[in-house]
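Biologist: I have a model on my screen. Please show me how to read one helix and then its chain.

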Amino acid sequence: MPFKLLLQLGWRNLFRHKRRNFMLLLAICVAVAGVVVMNSLIRGFQFDMQEAAVANLTGHVKMLAPGYLDDPNIEKSFTLVKDWQPHLPGVELEGWAPRIRIPAVIMSERETRGIQLVGIDPARENISFLDKVELAGDMLSDADDRRVVIGKELARQLETEVGRRLVIITQGIDGRNREAGFRIAGTFDADGKGLEKLFVFTGVTALQNLVDAEVITEVSIKVVSQLDESLAQQGLADSFLDLDVLSWQQLEPQAAAMFVFADSAIFIWFLVMMGALIFGLMNTLITAVMERIKEFGMLRAVGMRPRAVVVQVVVESTLIMLVGVVSGTLIGWLLVLWLSDGGIDLSAYAQGVELAGMRSVLMPRLLVEDLLLVSSLSLVFGILAALYPARRAVKINPLEALRR
Amino acid sequence: MSDVVVRCSGISRTYQEESVPVQALQDVDFEVCKGEFISLAGPSGSGKSTLLNIIGGLDRPDKGDVEVAGVKLNDLNESELSDLRLQKMGFVFQAYNLIPVLSARENVEFIMQLQGVSPAERASRATAVLEQLGVEGMADRRPGELSGGQQQRVAVARAIVTRPVLLLADEPSANLDSATTRELLEMLRTLNETHGVTIVAATHDPIVMSYARRQVNLRDGRIVEDKQNEAA
C-alpha cells in the first residue's frame, strides 16, 4: 500500500477546494473547541461539587460510630487512644481532624436557631472549608478555646455580632440537656449561606467538657491523591472494626451521583456535537468524491487497488479532522485559559448554585485525558464519516468514470 | 506464439442502454503481437472503445476469452485486474486525466509509487522519460499550467515510465490540434520503433490511423477490415 503517496495526495487535496475545506475546518474547529470548553466547564462543576462535598466536614473518608448517621447525637460517639495518628501504609495524607458534631439550639437575646455544634481542633481544620473562609474577628485559638465561630448569615439571623454572647443548649452524654454561654470569637463568610446557617464551631475539648465525656463523633481524613481513597478506607476499616468507615461518596450520595452524571454529560455533549459534525464531514466527502469521479476512475484504471481508494478517502477525511481537531483543541485551550482568569461568576444564581453544591464562581478545569479522549474519538469519527464516501468511491466503475 | 501480447477469442459484449440491448461487440477474434502499432478505427458505436476497454481489463466480455501477456483476464477479480493493469499496461486517455494536485514529475512518478519502485529509481526514470518526451522543463508544473499537448506528453510519460508490455490509447488526439497530434504520434512511433512498445489506439482520427502500421476497422461490433498500413 503506497501510504506515503496517499498521504501526499490527501494533504494536497486539502488545498484543492480552499473555501469549502476552510468552512469545513472552521466547523470542526468550532465543534472541537466547543466540546473542549464545555468539557472544562462540566469538569469544573464536577470537581467543584466534589471538593465542596469533601470540604464540608466530610473528608475523603470518615470514621463514625455505628448508627450516628441515622441519629446523630453524643451517645453515638467513640474514643481514640491518646496521641492516636492514622497509620495507613502507602497512603499520603493531606490531613485528618477529630470532631464532635452534635445538634444544638443557639440563642441570642432576640432569636433562636437549630444548629450543628461542632467541636474542632482548629490546627487540624486545614482539610475543611474553614481553612478557606473569610473571617471577621478571630478563629478559635486551640482545642480548649471556649468561644464560638459562627456563620455570617447565622449572626445576621440571630441579630448578633463578634464579641457578643450566645447561649447554646445541647444534650450531654447522660442524656440530659447542657446549657452554656459562649462568646463569639468570629464570624465566617463561607461560599454559600447554607454552611453559614448550619455550623457553629467551638474547641473540641471545650465541647467535651460541656457534654461531660472525652469522646468524639467523627474523624475526617483527606488524602493527597484520590486514587488512595479506597486504600485509606480499607486501612481504617481494618483498624476500627467497631466503627463505620465511609467514603465521601457514601456520605454524600447526591454529590457522588452528580459526579458520575457529569462524566456521562461530557460524553453525551461530545456525541451530540460530533454527531452533527459527522454529517457535514460526510456530505463534504461525498461531494469531493463525486467531483473527482474521473480522477478515481483513472486511478482505478491505471492499477490502484480498490482498497487503496478506500484508504485514500479515509486518509483525506482523517487529515481534515486532524487539522481541525488540533486547531479546535488549541482554540478551546486558549478559551479555557481566558475563562480561568477569574472564572465564571454565578453569584446571580447563588441559590441554585448552592443547591447544586457548587461555589459561586465556576472555574473551568481542563484534563489532559479529556483532551486526548476528544482528539482520539474525533479522529475515529473522521474515519467513520469517511467510510460511506469511500464505499461510493470504490464502487465507481472506472470505465463509466472515464467516459464522463 | 510467444510474441502474442493480446489474444481475444470470440468475444461479445452487449450493453443495456435505457433498457435497449446494444450489441457493442459480436464474436470478435483479435490478436496483437509484440511491437505492433495498431489503430482500432470505426464510426461511433462501432465497438472500438469497447474492444480497447476489454483488452485493458476495464470491461468484461459477456462471452469469449481475453488473454493479455499470457494471463487470462476472465479469471481475475478486480484487485488482480488492477495489479495486471499496473504491472503490464499503460493507458493514455482522451482527456489526459492527470492528477491536478501533483506536478508533472509527480504525475509520472506516482504510478511507480503504486508499483513500489524505490525513490531514487523513480526519480531517475521519471527524469529520463520526461526528457525523452521533451517536457523535462515543465517537470515541476502542475497540469493546470500546461498546454493540452504538454499534458498529453506527460500522460504518455506516465503510461510508458513503467515499461508496460502494452500501451492502450483511447482517442489520444481528440483534444489536440493537428500539429500537436503529429508531434504526439511521432513520439509514439519512436517509442514503438526504438523501444518496442506495443501500442493499440482506438481512434477515428485519420492522422492517428496513418501513423499506425496496422489498421483494424470495426463496424457494428465486428472487425470488417484488418490490414497493414504500408504508408506508415
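Modeller: We start with a helix and end with the whole chain. This is a predicted model: local features need pLDDT of at least 70, side-chain atom pairs count only at pLDDT 80 or more, and totals for chains, interfaces and linings use all residues. Residues are numbered from 1 along each chain as its sequence is written, while chains are lettered from A and ligands numbered from 1 in the order written.

Biologist: What span should helix α4 of chain B have?

Modeller: Helices are DSSP runs of H or I, at least four residues, numbered from the N terminus. The expected span is 1.5 Å times one less than the number of residues. Helix α4(B) covers residues 119-132, so its 14 residues should span 20 Å; the end C-alpha atoms are 20 Å apart, which agrees.

Biologist: Which residues of α4(B) are buried?

Modeller: Count other C-beta atoms, placed from the backbone, within 10 Å of a residue's own: 20 or more is buried, 12 or fewer exposed, in between partly exposed. Arg122(B), Ala126(B), Val129(B) and Leu130(B) are buried. Seen down the axis, the buried residues fall within an arc of 100° (directions from the helix axis to the C-beta atoms), so they line one face of α4(B). The face turned away carries exposed Ala120(B), Glu121(B) and Ser124(B).

Biologist: What follows just after α4(B)?

Modeller: Gly134(B), with a positive phi of about 75°.

Biologist: How much of chain B is buried?

Modeller: 47% of its 232 residues. The C-alpha atoms of chain B fill a box of roughly 45 × 40 × 40 Å along the principal axes.

Note on methods:
Helix = DSSP H or I, 4+ residues; strand = E, 2+ residues; numbered from the N terminus.
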